[in-house]
Amino acid sequence: WLLHEDENQVCPPNGDIEEAKLLQRYIMAVFYFATNGNEWTHCYQGDDTCGVLENDFEGGKAFLSSGDVCDWAGLACNEEGMIESIIFEEENNVVGHIPEE
């Protein structure tokens, strides 16, 4: 996905911060696919209603959308743009196993 479908057009990292951001984008994409993200109730890839409902995802963008990963629903980042927490609705159908990679 990251190489062939990501609309963000991630370039090779140029420094520690860019490398860390690329890695966290990869990790969140792996999380999405490992937890059957296409079957989530809210904020799955291409979900046009993501962020408009009054829930934990209000104001967020769908997973795997273009732009900064910190804008994806359920993710909270610090000032450097690094993910600090992940918060999901209980009823979002997030199932599966987080891979060891």
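Helices (H or I, at least four residues) and strands (E, at least two) are taken as DSSP runs and numbered from the N terminus. The exercises below use a predicted model.

**Exercise 1. Describe the chain in terms of its elements and its confidence.**

Solution.
- Step 1, elements. The protein chain contains one helix and two strands, and from the N terminus on their order is α-β-β.
- Step 2, confidence. The mean pLDDT of the protein chain is 85, with 88% of its residues at 70 or more. Confidence is highest in β1, with a mean of 94, and lowest in α1, with a mean of 89.
- Step 3, limits of reading. Where pLDDT is low, predicted coordinates should not be read in detail.
- Step 4, burial and surface. Of the 101 residues in the protein chain, 32% are buried. The exposed area is about 6,700 Å², and carbon and sulfur atoms supply 47% of that area.
- Step 5, contact range. Among contacts with a separation of 6 or more, 50% come from residues 24 or more positions apart.

**Exercise 2. Compare the reach of helix α1 with the expected span, then state what its buried residues pack against.**

Solution.
- Step 1, span. Helix α1 covers residues 16-34, which is 19 residues. The expected span is 1.5 Å times one less than the number of residues, giving 27 Å for α1. The reach from the first C-alpha to the last is 26 Å, close to that expectation.
- Step 2, burial. Gln24, Arg25, Met28, Ala29, Val30, Phe31 and Tyr32 are the buried residues of α1.
- Step 3, packing. These buried residues pack against β1 (75-77) and β2.

**Exercise 3. Work out how β1 and β2 are joined, and place Ile86 in that arrangement.**

Solution.
- Step 1, pairing. β1 and β2 run antiparallel and are joined by three bridges.
- Step 2, turn. Five residues lie between the strands of this hairpin, and Gly81 takes a positive phi near 85° there.
- Step 3, position. Ile86 belongs to strand β2, residues 83-86. The residue opposite Ile86 is Leu75.
- Step 4, contacts. Beyond neighbours within four places in sequence, Ile86 is in contact with Met28, Gly74 and Leu75. Met28 is one of the buried residues of α1. Gly74 is twelve residues from Ile86 along the chain, and their C-alpha atoms are 5.4 Å apart.
- Step 5, accessibility. Ile86 counts as partly exposed because its relative accessible area is 41%, and that class runs between the cut-offs of 20% and 50%.

**Exercise 4. Which residues other than glycine have a positive phi near 55° or near 60°, and where do they lie?**

Solution.
- Step 1, expectation. Most residues other than glycine have a negative phi.
- Step 2, Asn36. This residue has a positive phi near 55°. Asn36 follows α1 and is placed in the loop between α1 and β1. Asn36 is partly exposed, with a relative accessible area of 38%.
- Step 3, Asn93. Here phi is positive and near 60°. Asn93 lies in the segment after β2, and Asn93 is partly exposed at 36% relative accessible area.

**Exercise 5. Is Asn92 buried or exposed, and which residues does Asn92 contact?**

Solution.
- Step 1, position. Asn92 is in the segment after β2.
- Step 2, accessibility. The relative accessible area of Asn92 is 0%, so Asn92 is buried; the cut-off is under 20%.
- Step 3, contacts. With neighbours within four places in sequence set aside, Asn92 is in contact with Trp40, Thr41, His42 and Phe57.
- Step 4, polar partner. The Asn92 side chain reaches the backbone nitrogen of His42 at 2.6 Å.

**Exercise 6. Characterise the surroundings of Asn38.**

Solution.
- Step 1, position. Asn38 sits in the loop between α1 and β1.
- Step 2, accessibility. Asn38 is classed as partly exposed because its relative accessibility is 48%.
- Step 3, contacts. Not counting residues up to four places away in sequence, Asn38 touches Tyr32, Tyr44 and Gln45.
- Step 4, polar contact. The side chains of Asn38 and Tyr32 are joined by a polar contact of 2.6 Å. Tyr32 is among the buried residues of α1.
- Step 5, C-alpha separation. Asn38 and Val94 are 56 residues apart along the chain, and 9.7 Å separates their C-alpha atoms.

How values were computed. Residues are numbered from 1 along each chain as its sequence is written. This is a predicted model: local features need pLDDT of at least 70, side-chain atom pairs count only at pLDDT 80 or more; totals for chains, interfaces and linings use all residues. Side-chain values use heavy atoms; hydrogens and water are left out. Buried means under 20% relative accessible area, exposed over 50%, partly exposed in between (1.4 Å probe, protein chains only). Contact means heavy atoms within 4.5 Å. Accessible areas come from the Shrake-Rupley method with a 1.4 Å probe; for residues, only the protein chains shown count as cover. pLDDT is the predictor's confidence in each residue, from 0 to 100. Two strands pair if DSSP finds at least two bridges between them. A polar contact is a pair of N or O atoms within 3.5 Å; within protein, one must be able to donate a hydrogen and the other to accept it, and residues adjacent in sequence count only if both atoms are side-chain atoms.
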